[in-house]
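Here are a few short exercises to work through with the model open beside you. Try each one before reading its solution.

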Amino acid sequence: MGMEMRSVAKLVVAMAALAMVMATTTTAAQQQFSRQEKAAFVNLHNKARAAVGVGTVAWSDKLAAKALEHARYCRKQHIQGPYGENLWWSGVGGSGTPGEAMSYWVGERPYYDYRRNKCAVGHQCGHYTQVVWRRTSYVGCARMRSVAKLVVAMAALAMVMATTTTAAQQQFSRQEKAAFVNLHNKARAAVGVGTVAWSDKLAAKALEHARYCRKQHIQGPYGENLWWSGVGGSGTPGEAMSYWVGERPYYDYRRNKCAVGHQCGHYTQVVWRRTSYVGCARVTCNRNDIGTIIACNYSPPGNIDNQRPY
């Protein structure tokens, strides 16, 4: 793209997520955009695009679904992925219309210095540049109301410029899936809690997160453990589980805390009493200081505040 805002409008910034599966679902309600509101988004985009002589965009329900997936976290941080993303939010009790969001994004136009291909010092302009990005062809938006704020998210698909992560999925074999389940249940049996079973649904969600090739967790309705090797390294169920279960000595049951200077949340998720299902995924990244990353998702999630794992 040739500009400092390669992650246009902070579009695909690495997600600032909560540490190790302290995740809980957000009290948020989806507010579907009407047909008229969808048309308003498209028309307002195309009005801004016509002003700089670029072609039109069309609505995409697929992108709207992806925008909803991000908006329901009710967070101000962008999630890295294969699509561009703009976010707008109101204060508590505010509404959210296509006009309000678009006015904010397009209102950045004066701060884009075309000659230098940069934003003016002290200003942002990446929301605007995403709106008018020449090779973007489709847009889809979603709206969520939470107890904290109302969020409108826009996902934009640049047909040529949007690139997926250069990562390769490595499916776990049936034996490796069994190894994950057995190693979890061995650790759980050691503290007297019941077994977990494999879930392909959770494995699919874990893959969705792992393919970002990032070390940060993504908040959501499931628990999550991450493990990664150095660049060029491989990744097996045994390696990941050894690391997570290896935190056991650092969990102080009496105080229900990790020892000072240590982490133990991966272990407590593994043995969390109310967790019943696990699903894991593996991706070869060889970037971001990650060779291979393994993600496991858990349902119900563990590491709930003020509760013990067992």
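**Exercise 1.** Are Cys213 and Cys285 buried or exposed?

*Solution.* Keep in mind that this is a predicted model. Start with the bond: Cys213 and Cys285 are joined by a disulfide, S to S 2.1 Å. Next, place the two ends: Cys213 sits in the loop between helix 6 (200-210) and strand 10 (223-228), and Cys285 in strand 13, so the pair ties together parts 72 residues apart in sequence. Finally, check the burial: Cys213 is buried, and Cys285 is too.

**Exercise 2.** Find the disulfide that links strand 13 to strand 14, and work out its handedness.

*Solution.* First, look for the sulfur pair: those of Cys280 and Cys296 are 2.0 Å apart. Cys280 belongs to strand 13 and Cys296 to strand 14, 16 residues apart. Then read the torsion about the S-S bond, which is about 105°, so this disulfide is right-handed. By contrast, the Cys213 and Cys285 link has -85° about its S-S bond and is left-handed.

**Exercise 3.** Which strands pair with strand 13, and why is strand 13 largely enclosed?

*Solution.* Begin with strand 14 (residues 290-299): nine bridges join it to strand 13, and the two run antiparallel. They form a hairpin with two residues between them, and Asn288 in the turn has a positive phi of about 55°. Now turn to strand 9 (residues 197-198), which runs parallel to strand 13 and is joined to it by two bridges. Last, count the burial: nine of the eleven residues of strand 13 (residues 277-287) are buried, so the rest of the structure largely encloses it.

Definitions and conventions: Residues numbered from 1 in each chain as written. Predicted model: local features only at pLDDT ≥ 70, side-chain atom pairs only at ≥ 80, totals over all residues. Heavy atoms only, no water. Buried < 20%, exposed > 50% of the residue type's maximum accessible area, 1.4 Å probe, protein only. Helix = DSSP H or I, 4+ residues; strand = E, 2+ residues; numbered from the N terminus. Pairing = 2+ DSSP bridges. Disulfide = S-S within 2.5 Å.
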